[in-house]
Amino acid sequence: MAEREKKLRIIPLGGVDEFGKNITVVEYENDILVVDCGSIFPKEDMLGVDLVIPDVTYLIKNKERIRGMLLTHGHEDHIGATPYVLRQVPMALYGTKLTLALVDLKLKEHRIGGIQLNVVKPRDEIRLGAFHIRFIHVNHSIAGAVAIAITCPAGTVVFSGDFKVDFTPIDGEVTDLASFAELGTKGVLAFLCESTNIERKGHTMSETKIGQTFIDMFQQAKGRVIVAMFASNIHRVQMVVDSAAMFGRKVCFVGRSMVNVTRVAMSIGELNIPEENLIDVDDLDNYADEEVLVVTTGSQGEAMAGLTRMAYGEHRKLQIRPTDMVILSAHPIPGNEKPVARVINQLYRCGANVIYGQLGEVHVSGHACQEEIKLLHVLVKPKYFIPIHGEYAKLWQHAELADTLGTPSENIVIPEIGQVIEMSQDSLAIVGEVPTGGVLVDGLGIGDVGNVVLRDRKHLSQDGLIIVVMAIDRDNGTLVSGPDIISRGFVYVRENEDIIECSRELARDIALSYGAIAGSDWQNMKNRIKDELHRYIFDKIKRNPMILPIVMEI
């Protein structure tokens, strides 16, 4: 078989038809690379769930073939699952300085050792197995973002990563368009490009544009300024801190992730703040309000984040005051609109002066709009195109855009999670599927919360719980105590004693009807109590609580 006929496989394990959980497998013969390893916020119906990570069953089954993991940048939707995945599938990591510093912080928190972290720089080239890899600098809302070009005998695949084309970036380093053009000239087999802002025409505004906005805000502020943003947006943090310094304000970081990330960024030189400008949250009362800037987490309305706890009076050290100016320097991630709106409403109830996207230019997207996306397509000139990073409507629109730019529709695949996309210079096809899905993280439990548990939690949250407790004599099987009815989240017992008493009598009659209850009859009796009580309660008040009969031997 000629080399040009050999097949390259691309398998998205996340990051398509969703925002977040980005992880893609690139496979050639006996070698596998993993690109990114992100997490995603739980949906509102995932009660009690902290995080959703990708199902990596396929990687676990093929761990001996994995040559390494390549990381495009340090946002949670691209690195958030690393400690959970690396615990199951240890592998070497490759990423820029800040990206790996953030991953290292996660690995230490989870007490995971033995992972090889290899720092790379833009334009570095490495070889892993059959793959030759090149890292390309791109602008994004975090330092150290890169696109990745992966070449093997079947051809070159280019991952855009999260990017925008910013000609006046904070760090002065513009997106390396020359490298994309060079790859396009040599020939690109497949292009995987993000679709976040595909619906937006024109160009994304430069990060420097909001610098003047912050200066204006600080000039107007009479009391404390509290800015909420993503902890990993180091360039934005630097801009806010520099603006505060112009007006003599000290900086206080609040929120575990904000404190940890800024500390790491300062230690590797990505964030520059004089030590004398930093103050601890415990020392805030030693300064006048007009001398203070608080930078915190919570721009997405997260329940346990700093801004949310301040708004609801649950923070140990900080309470919102009517003289505070609160700036939300982030747009809600799709799906987070409601919790963000709740926090904004609560901030207004506290009397604060709240500034967010609709009221001022306090946020700039880190993602490319249509004209920038078109530019990359034209430079890369791929044979095949696969849109990624977005819900299905965005992927479809991106596919339509690629068609207008010269990539024929038969050379475009709108991917589904788990699909095996196989390609060569002469063919493109979906040839199968691998196990996929979301693994739910709840506290220290990973994957032990599934559909059944979520269904029960939803049932409990909607209709409550009734526990029927009774005691049976071990020797003769007779009912000696109960049944007692315990209600939680069902009805207020004192105002519904008739329902509780009738339920108790019904359960008692069923138990007594069994006479001497043998152990083998317990389950039948419990099932009958559940069925009869369900019927009675629904007929009475049209509710369907979870009913849990408990039988004890004495």
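Tutor: Quick ground rule before we start: a contact means heavy atoms within 4.5 Å. This is a predicted model, where local features need pLDDT of at least 70, side-chain atom pairs count only at pLDDT 80 or more, and totals for chains, interfaces and linings use all residues. Residues are numbered from 1 along each chain as its sequence is written, and side-chain values use heavy atoms, with hydrogens and water left out.

Student: What covers the buried residues of H7?

Tutor: The cover includes helices H4 (97-109), H6 (211-220) and H8 (256-267), plus strands S13 (225-228), S14 (250-254) and S15 (292-296). Helices (H or I, at least four residues) and strands (E, at least two) are DSSP runs, numbered from the N terminus.

Student: Why is H7 called largely enclosed by the rest of the structure?

Tutor: Buried means under 20% relative accessible area, exposed over 50%, partly exposed in between (1.4 Å probe, protein chains only). Ten of the 13 residues of H7 are buried, so the label fits. Among them are His 235, Arg 236 and Gln 238.

Student: How do you know that the span of H7 is close to the expected one?

Tutor: The expected span is 1.5 Å times one less than the number of residues. For the 13 residues of H7 (234-246) that gives 18 Å, and the helix reaches 19 Å from first C-alpha to last, so the two are close. After H7 comes Gly 248, with a positive phi near 70 degrees.

Student: Which residues does Ile 215 touch, not counting those up to four places away in sequence?

Tutor: Ile 215, in helix H6, touches Ser 243, Met 246 and Phe 247. Ser 243 is one of the buried residues of H7.
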